[in-house]
Amino acid sequence: MASVTLDKINKIFGSTHIIKDVDLDIGDGEFVVFVGPSGCGKSTLLRLIAGLESISDGTLSIGETVVNELPPRERGVGMVFQSYALYPHMTVYENMAFGLKLAKASKETVDDRVMATARILQLEELLDRKPKALSGGQRQRVAMGRAMAREPRILLFDEPLSNLDASLRVQMRNEIARLHNRLGSTMIYVTHDQVEAMTLADKIVVLNGGRIEQVGSPHELYQRPATKFVAGFIGSPTMNFMPASLAGQAEAGCRVQVEGIGELSLPQAAGEHAAGAALTLGVRPEHLRLEAASSDNAFEIVNVEYLGNEVYVYLEPMAGETLLIHRSEAPSRWQEGQRVALVPDPQHVHLFDADNRALKASRARAVA
């Protein structure tokens, strides 16, 4: 088994508490992505799993074995770093074989595993080259091959695509996804890029300040963020946020007063929140509709970005400084300087309370 279980994991450096009571189950064969802003603890958490950092408190298990005190070489993990860390004086073959030779594998075993890995990664024609003769994407594949040749139970990736240009990142994302489908091995991947997280992961772990904000599939995190932080971090362009207040209960949810828009009837249940409670309304750019402006609902278009197949329209309320984004398919009839009204789609609106927790939808909406 190559499952991973983290039970109340903590990491403290001096007086700084980096990882705080992290509980997480990673199933055998899952592709899990740790994502979050710089300094959130995602790379530290990966290094704790790898054994490159010691755990201050808590229990880490791989399969049925508690590995807190095991060195990296005994954990059955392979790691691919942000820097390729290839030996410049060695050929591709020698780089991929190095870990096996350190483990005192036989010459036949080394050759069999290196050649098998080279076939999977399409490196067979590059085995005699040295790193300086390789492209960035090829070097990254060699770094992956070096980890794979040891046949680890778990593959760990620490921002492996950060040093590649945009087109190579897209190519390597596809190669990593295909590799996971082919091998079926457990993979844990760290990135600050939410596009990588959305396109690669079976399950995303969103970290913030050393704690887990939410765990779920890309679809779940995009459609049902549990907190305002997750809602704003997942999705590009980011979700729009507007100040609101609870106006009262409604037959199938609640009524809210939204600054610059007016009163909306929404499917979220108000729960214990009283009328007048401060809320934040969140709506994604594709779930906003633009109409002719009215006296009590007017926003000014401050910029229009044409991106080929779609258009981003940036808006500001006539009173206030909140910048909002509307996304639609090209072409667009909207132009800079126009005044428009915003109409959110009630079925795709999110509400967050003063603690930045999402208000749950009513049963009728949840079933739908």
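This is a guided tour of a predicted model, stop by stop.

**Stop 1: the annotated span**

Select residues 4-234. The unreviewed UniProt entry lists this span as "domain: ABC transporter". Helix makes up 37% of the span and strand 26%. Now pick the C-alpha atoms at its two ends: they lie 25 Å apart.

**Stop 2: helices α2 and α4**

Select residues 92-102 for α2 and residues 136-148 for α4. Two packed helices are described by the angle between their axes and the distance between the axes. Here the axes come within 7 Å and cross at roughly 30°. An angle under 35 degrees counts as roughly parallel, and α2 and α4 are therefore roughly parallel to each other. The crossing of α2 past α4 is right-handed.

Show side chains at the contact. From α2 come V92, N95 and M96; from α4 come V142, G145 and R146.

Which residues of α2 are buried? They are V92, N95, M96, A97 and L100. An α-helix has 3.6 residues a turn, so residues three or four places apart point the same way. The buried residues of α2 pack against two helices, α3 and α4.

Step past the end of α2 to K104. Its phi is positive, near 60°.

**Stop 3: helix α3 against α4**

Add residues 107-121, which form α3. How do α3 and α4 cross? Their axes come within 10 Å, at an angle of roughly 140°. That makes α3 oblique to α4. The crossing of α3 past α4 is right-handed.

For the contact, select T117, I120 and L121 in α3. They meet R141, M144, G145 and M148 in α4. Keep G145 highlighted: this residue of α4 is also among those that meet α2.

**Stop 4: the sheet with β11 and β14**

Switch to a cartoon view. Strands of a sheet pair through backbone hydrogen bonds, either parallel or antiparallel. This open sheet has five strands in the order β13-β12-β11-β14-β20, and the pairing is antiparallel. Its edge strands are β13 (262-266) and β20 (349-352), each of which pairs on one side only. Neighbouring strands are turned by 40° against each other on average, direction ignored.

Zoom in on β11 (residues 240-250). It pairs with β14 in the antiparallel sense over six bridges. Pick A244, then look across to L279 in β14, which stands opposite.

**Stop 5: T280**

Stay in β14, residues 278-283, and select T280. Is T280 buried or exposed? Its relative accessibility is 14%. The cut-off for buried is under 20%, so T280 counts as buried.

Now display its surroundings. Leaving out residues up to four places away in sequence, T280 touches K228, F241, M242, H350, L351 and F352. K228 falls in the span listed by UniProt, residues 4-234. F241 and M242 belong to β11, residues 240-250. H350, L351 and F352 belong to edge strand β20, residues 349-352.

**Stop 6: the sheet with β17 and β18**

Move to the other open sheet. Five strands run in the order β15-β19-β16-β17-β18, with antiparallel pairing. Select β15 (288-292) and β18 (324-329) at the edges. Each has a single partner strand, so one side of each is left without a neighbour in the sheet. From one strand to the next, the twist averages 45°.

Finish on β17, residues 310-317. Its pairing with β18 is antiparallel and spans six bridges. Pick L315: opposite stands L324 in β18.

Key:
Residues numbered from 1 in each chain as written. Predicted model: local features only at pLDDT ≥ 70, side-chain atom pairs only at ≥ 80, totals over all residues. Heavy atoms only, no water. Pairing = 2+ DSSP bridges. Helix = DSSP H or I, 4+ residues; strand = E, 2+ residues; numbered from the N terminus. Axes fitted to C-alpha atoms, helices over the stretch in contact; angles between N-to-C directions. UniProt positions renumbered as here; feature names shortened; annotations may be inferred. Buried < 20%, exposed > 50% of the residue type's maximum accessible area, 1.4 Å probe, protein only. Contact = heavy atoms within 4.5 Å. Parallel < 35°, antiparallel > 145°, perpendicular 65-115°, else oblique. Left-handed = near helix turned anticlockwise from the far one by under 90°.
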